[in-house]
Amino acid sequence: MNLIKGLQRVKALCRTLRVNREIEDLSETYYNQAYQHKSFIKVSLNKKEVLAGCCVLVSCRLLNWPITMGTISCLLDADSMVVGAVYEEMVKILNIKAPIINVTDVMEAHSQEYKISSVYVPEELAENSKDLTKRAVALVELAADSWIVTGRKPIPIMMAAIYLAWQSLKPTKQRLKYSLDKFCQIAKVNKHKPALKRITEMKEVLCKLGKEIPWVKEPVTPDNVVRLMEDILQHRDALLRRALRTHEDALLADCQASCEDSLIEETAPSQISEVVEQTPDLSSVELCESNAERAKQPGDGDDNQCAASEQHSYTQGSQDSSQNWGKRVLFAPPCVIHAKKRRVEQPEPKDVTGDEEISDSEIDSYIRTPREARDFALAQKMFSMSESEKS
C-alpha cells in the first residue's frame, strides 16, 4: 500500500510540474528501485514521501529539465536539509551520476513561478517572462563574477535577481517603492529571508561598477543604481576592468603616501637638528624648504632609509592582508570580507602543588595592617633569638 501511495505521489508531482511522459516514467522506475532497497524499506512515511520528490528531481536533471531542490522542498512542504540528505543517499545507492545544475540553467523555470504577467497584475506592474529572465540571468552572471553566488543557496539569489530585474526594466517611482515583501505578495511566491542580503550585496557590486560609467555625473547610491542597471549589464566587462584598475591605483597611491610619511618621520628630526645647528638664523619657512631639498637629494643613507621604510610598509601591509585579504581587494567572497573571529586558545594553567617558593617581597605584599606588621617583626625577632641560642 505504501508503494502504491508513493507512486501516486510521484505522478502527482510530475503533473504539478508539467513534465513530459519520459520524466514521469523514469521517476516511477527510480522510486520502485529505491523503495525496495534496505535503506528505504523500513523508514518513516515522511521520508518515503521525500524519496518520491528526490526521484522526480534526479529524473528532471538527467533529462535536462531545469528544476531546483528548493522547488521540490516547497511542493513537499519539507525541510531542504532533509531533502538534500535523502537525495544524496538515493543517488549513492542507485549509482546515478546526476549532472550539476547551474543557477542560470534553472532561472527560466524559476521565473515562471512569479505571477507578474498582465493576466495577474495591472499593466504598470506587469512584465514579460522572457525579458525578466534575460535581465535576471545577466544579473546572476555578474553576481557570479563578484563572488556572491559562491557557496550560496540558489533560490534566494534568483529571487533577488528577479526582484531587481523587475524594478530595472521599468524603473518607475511605483516599482521602486515596492519592497521585496510586497513584490512577493503580488507575485504570489513565498519570500526567502536571505534574499534581502543578496539584494544588498548585488546593489553594492552595481554601485562599484556604476561609479565607473563616464557619462554618469551624479553620485551612484543603492537608491538610484537600479536606474543604471541596463547600462551596467550592457558594458559589464569594460566596467569590471575599469573598476579593478581604479582600485589598484588607489591602493598604490595609499602605499606611496604611507611610504613618504614614514620616510619624513624617520629623516626629519635629524636633518632639522643639523640645519638648526649650522644656520641658527633661518626662519621656519626657510628651514622647511631646506629640509625638503635635502629629502630630494640622492644619497646612500636616503636610499637605505627609503628601502627600509618601503620594506616596513610592505611587511605591515602583508600582515594586514594575511589577516583579512578580502578588505584589500575589490571583489572577494563574503565569508572572507566578513570573516568570523577565531577563538584564541588559552594556555593551560600549570599545576600548583603548594611546594613553590615564596619570595620575601610576596610575603610583604600580604601584610596589610600595622598590627600584622608588628606581629611579623616580633616573630622575626623571636626566630632570630632562638637561632642565636642554638648556635
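The exercises below, each with a worked solution, concern helix packing, nonpolar cores and one buried residue in a predicted model.

**Exercise 1.** Determine how helix α9 and helix α11 are oriented to each other, and which residues make their contact.

*Solution.* Begin with the geometry: helix α9, residues 154-169, packs against helix α11, residues 180-187, at an angle of about 90°, and their axes are 11 Å apart. Angles of 65 to 115 degrees count as roughly perpendicular, and α9 and α11 are therefore roughly perpendicular to each other. Next, list the residues of the contact, to which α9 gives M159, I162, Y163 and W166, while α11 gives L180, F183, C184 and I186. Sorting these by class, one finds eight nonpolar residues, with no polar and no charged ones in the contact of α9 with α11.

**Exercise 2.** Work out which residues touch the most other members of the largest nonpolar core, and which element gives the largest share of this core.

*Solution.* The largest nonpolar core has 56 residues, of which F183 and M202 touch the most other members. Two or more residues of this core come from each of α8 (129-145), α9, α11, α12 (194-210), α13 (229-234) and α14 (236-278). Of these contributions, the largest share is that of α9, with eleven residues. Turning to F183 itself, and leaving aside its neighbours within four places in sequence, its contacts are Y114, I116, I162, Y163, W166 and Y178. Another core, of 30 residues, lies apart from the largest one, and L13, V19, A34 and M90 are among its members.

**Exercise 3.** Classify the packing of helix α1 with helix α5 by angle and by handedness, and then give the residue classes in the contact.

*Solution.* Helix α1 (residues 2-17) and helix α5 (residues 69-76) have axes 12 Å apart and pack at an angle of about 120°. This angle falls into none of the ranges for roughly parallel, roughly antiparallel or roughly perpendicular, and α1 and α5 are therefore oblique to each other. As for handedness, the crossing of α1 and α5 is right-handed. The contact is formed by R9, L13, T16 and L17 from α1, together with T71, I72, L75 and L76 from α5. By class, the contact of α1 with α5 holds five nonpolar, two polar and one charged residues.

**Exercise 4.** Decide whether E24 is buried or exposed, and find its contacts.

*Solution.* First locate E24, which lies in helix α2, residues 21-35. Its relative accessible area is 4%, and because buried means under 20%, E24 counts as buried. Finally, with neighbours within four places in sequence left aside, E24 is in contact with K11, C14 and R15.

Notes:
Residues numbered from 1 in each chain as written. Predicted model: local features only at pLDDT ≥ 70, side-chain atom pairs only at ≥ 80, totals over all residues. Heavy atoms only, no water. Axes fitted to C-alpha atoms, helices over the stretch in contact; angles between N-to-C directions. Helix = DSSP H or I, 4+ residues; strand = E, 2+ residues; numbered from the N terminus. Parallel < 35°, antiparallel > 145°, perpendicular 65-115°, else oblique. Contact = heavy atoms within 4.5 Å. Nonpolar A, V, L, I, M, F, W, Y, C, P; charged D, E, K, R; others polar. Core = buried A, V, L, I, M, F, W, Y, C linked by side-chain atoms within 4.5 Å. Buried < 20%, exposed > 50% of the residue type's maximum accessible area, 1.4 Å probe, protein only. Left-handed = near helix turned anticlockwise from the far one by under 90°.
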